[in-house]
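Open the model in your viewer and keep the sequence panel beside it. The stops below are given as selections, each followed by what is found there.

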Amino acid sequence: MAAQQEPSYKAIAARKQAERDARIPSDWRLKTLPPASQTNVLDIPRTCGILTERELQITEIRDATALIKDLQAGLVTSSQVARAFCKRAAIAHQVTNCLTEIFFENALHRAKELDAHFARNSKPVGPLHGLPISLKDTFRVRGYDSTVGISALCFKPAKANSTLVDMLLEAGAILYCKTNIPLTLMALDSHNNIFGRTLNPADRRLTAGGSSGGEGALLAMRGSILGVGTDVGGSIRIPAMCNELYGVKPSHGRVPYAGQEPGGSKPGSEHLGIRASAGPMAHSMRDCELLLRTISDLKAWERDPEVVPLVWTPTQPQRRPLRIGVIRTDGVTRPLPAIERFMSETATRLSRSGGAVEIVELDISSLLGKCQSLVNKLFSIDGGNTMFDLLEATGEPLSPWLQTRLRRKARASHETVRDLHAERNALQTEFLKIWDSKGGYWGSKSSQAGVRLDALIAPVAPHPLPPIDRWNTASYTSSFVLLDYAAGTLPVRQVVEADLVGDLPDIPLTGWDKVNRTLWTDVDRKLYLGTPLCLQVIAPRLHDQQLVEAMTVLDEVLREQGNVAQVKAAKL
């Protein structure tokens with residue numbers, strides 16, 4: 001009997017990994033990798049001896065905004081900055097497996113060009129002059145692959161840049177690497193058969209999230225000062241939560257999405273009704289605003305026909321309190337006690353903000369339940385056929401998280417797609433009512449006509465940061481993609497002992513809720529200690545500047561109270 005031939009994806013993966021790893025200089029390689037038993041690897045860049053003290057200072061500066069000020073003041077050169085972040089990204093990759101494409105040499109060459117320009121002209125190339133920016137693997141960079149973790153797409157380098165890539169370069173940025181994603185881009189843990197699994201550097205037993213998980217891990221390791229991810233169900237907001245970062249999912253049409261690698265499907269046909277968007281992942285809200293404002297100032301609508309011509313304009317300070325609606329549950333998956341406690345505590349803290357914030361309780365679980373049902377139908381319009389065709393061409397299996405969640409189905413008919421779009425439009429119309437005091441969804445009705453909410457807050461997930469492949473549902477994030485709302489993740493505090501107590505109701509709401517309960521009953525809850533607790537903040541469609549302004553106010557209010565709240569939480 002002839003020996004069974006090994007699937008071709010394995011040889012492709014080995015070759016692809018060898019190509020990537022060869023691009024890391026030998027003197028940037030760790031002499032000894034940390035043992036698997038070492039769960040937290042965040043400090044390795046400081047202790048490994050590869051980075052100089054000056055390079056540590058550069059990579060550990062507060063944020064990108066501060067680094068740009070130093071670059072423009074001539075306190076540091078583009079070459080120094082690029083070298084520091086390339087080295088730190090190389091270290092981060094060796095302990096978290098976060099990178100896919102490496103172009104350090106290109107980055108160092110561009111940095112020299114930027115320094116020469118600055119020396120000749122005494123002014124920067126653009127608002128992002130000399131700033132290293134990392135990119136999710138879906139972005140096309142000329143001369144490099146965009147495999148999105150699929151072996152059939154390996155060794156097919158892009159012939160042109162994605163639109164946003166060109167704009168970042170025009171603004172003066174330095175691009176130096178791309179980051180890992182999950183197979184199909186629909187998983188919430190970043191694993192694929194080409195590059196393997198990205199690990200969470202704060203605790204390698206826990207998920208780094210997906211689908212922008214490599215971006216999240218790289219930023220957490222300070223191997224990036226500012227990154228760009230994409231989001232079609234939670235793929236910026238979830239890894240931002242996993243890695244204690246700020247992340248913003250703009251409405252589709254605010255940031256160019258043209259030229260992304262669609263994974264074999266036709267460009268622009270992403271899920272035929274659920275439109276992805278690209279946005280920042282960062283160490284501060286002002287960095288998120290920096291990226292979004294820069295792209296707007298470059299008139300992105302002249303480069304991508306789907307970008308709406310909305311200018312990012314300076315605003316006057318708001319004289320009245322920020323009016324925030326609180327969503328406590330989506331009615332599909334009940335938040336676990338730690339999340340319920342966090343949301344109640346946060347709402348209370350905001351209501352005691354000295355007049356800065358006004359809290360309004362909302363009950364929109366019936367609407368969110370309809371959203372989630374519709375999201376699942378729209379995600380499966382293609383039946384997974386395009387993806388399965390690519391995988392079967394090289395014998396690739398599904399990743400573990402996907403094996404019980406994804407299978408080939410018949411493509412939906414045109415009539416079905418039409419009806420689903422009509423259902424989506426009806427939900428978008430009904431959702432307009434939640435923003436107004438007279439819409440019928442406010443728990444405490446205002447006597448004033450025309451009183452409106454500025455933003456919503458909700459959990460990012462109904463559970464704390466879970467172990468690898470245990471993230472339960474994207475229902476708290478994907479609904480707002482269906483609605484095309486602007487949404488972001490705001491880190492608030494970390495889990496403490498007092499968060500780990502609490503009982504569950506006797507009866508689960510749904511099958512999703514039944515699985516979610518196992519993250520309370522079948523997990524050692526001490527794993528959650530020290531993991532991030534984050535708010536999701538939401539604003540109406542195309543009100544992205546309103547979202548950023550609301551997130552900035554909430555961040556400032558909660559951080560002012562932060563030390564006191566942390567002490568109180570620990571004593572409860």
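In what follows, an axis is a line fitted to C-alpha atoms, for helices over the stretch in contact, and angles between N-to-C directions run from 0 to 180 degrees. The model on screen is predicted.

**Stop 1: α5 and α6**

Select residues 78-96 for helix α5 and residues 104-121 for helix α6; their axes come within 8 Å and cross at roughly 165°. Angles over 145 degrees count as roughly antiparallel, so α5 is roughly antiparallel to α6. The crossing of α5 past α6 is right-handed.

Now show side chains. On α5, the contact uses Ser78, Ser79, Ala82, Arg83, Cys86, Ala89 and Ala90. Facing them on α6 are Phe104, Ala107, Leu108, Ala111, Lys112, Leu114 and Asp115. Coloured by class, the residues of this contact of α5 with α6 give 9 nonpolar, 2 polar and 3 charged.

**Stop 2: two backbone details**

Go next to serine 122, in the loop between α6 and β2 (132-136). Serine 122 is not a glycine, yet its phi is positive, about 55°.

Then centre on serine 211, which sits in the loop between β5 (196-197) and α8 (213-220). Which form does the peptide bond from glycine 210 to serine 211 take, cis or trans? The bond is cis, and its omega is near 5°.

**Stop 3: α12 and its two partners**

Select residues 365-379, helix α12, together with residues 414-431, helix α14. The two axes come within 11 Å and cross at roughly 155°. By the cut-off of 145 degrees, α12 is therefore roughly antiparallel to α14. Here α12 passes α14 in a left-handed crossing.

From α12, the contact takes Leu367, Leu368, Lys370, Cys371, Leu374, Lys377 and Leu378. From α14 come Leu420, His421, Glu423, Arg424, Leu427, Glu430 and Phe431. The classes in the contact of α12 with α14 are 8 nonpolar, 1 polar and 5 charged residues.

Keep α12 on screen and add residues 475-482, helix α15. The axes of α12 and α15 are 9 Å apart, and the packing angle is about 80°. An angle from 65 to 115 degrees counts as roughly perpendicular, which means that α12 is roughly perpendicular to α15.

The α12 residues to show here are Leu368, Cys371, Gln372, Leu374, Val375 and Leu378. They meet Ser475, Ser478, Ser479, Phe480 and Leu482 of α15. How many charged residues does the contact of α12 with α15 have? It has no charged residues, with 7 nonpolar and 4 polar ones.

Leu368, Cys371, Leu374 and Leu378 of α12 take part in the contact with α14 and also in the contact with α15.

**Stop 4: the second largest pocket**

Select α17 (544-571) and α10 (285-297), each of which supplies at least two residues to the lining of the second largest pocket. The space in this pocket is about 770 Å³. Its lining has 33 residues, and those closest to the pocket centre are Val548, Glu549, Thr552, Val553 and Glu556. With 10 residues, α17 gives the largest share of the lining. By class, the lining of this pocket holds 12 nonpolar, 10 polar and 11 charged residues.

**Stop 5: the cavities**

How many cavities of 30 Å³ or more does a search of the whole structure find? The search finds 4; the two visited here are the largest and the second largest.

For the largest cavity, select Arg254, Leu292, Ile295, Ser296, Ala300, Trp301, Val307, Val308, Leu310, Trp312 and Asp544, which line it. They surround about 70 Å³ of space. The largest share of this lining, 3 residues, comes from α10. The lining of the largest cavity divides into 8 nonpolar, 1 polar and 2 charged residues.

For the second largest cavity, of about 60 Å³, select Arg334, Pro335, Leu336, Pro337, Glu340, Asp503, Leu504, Pro505, Asp513 and Arg517. Both α11 (337-351) and α16 (511-521) supply at least two residues of this lining. Which classes make up the lining of the second largest cavity? There are 5 nonpolar and 5 charged residues, and no polar ones.

Key. Residues numbered from 1 in each chain as written. Heavy atoms only, no water. Helix = DSSP H or I, 4+ residues; strand = E, 2+ residues; numbered from the N terminus. Parallel < 35°, antiparallel > 145°, perpendicular 65-115°, else oblique. Left-handed = near helix turned anticlockwise from the far one by under 90°. Contact = heavy atoms within 4.5 Å. Nonpolar A, V, L, I, M, F, W, Y, C, P; charged D, E, K, R; others polar. 1 Å grid on protein atoms, 1.4 Å probe; cavity = no way out; pocket = protein on both sides within 12 Å on 5 of 7 lines; lining within 4 Å. Points joined across faces, edges and corners; volume = space filled by probe spheres on them.
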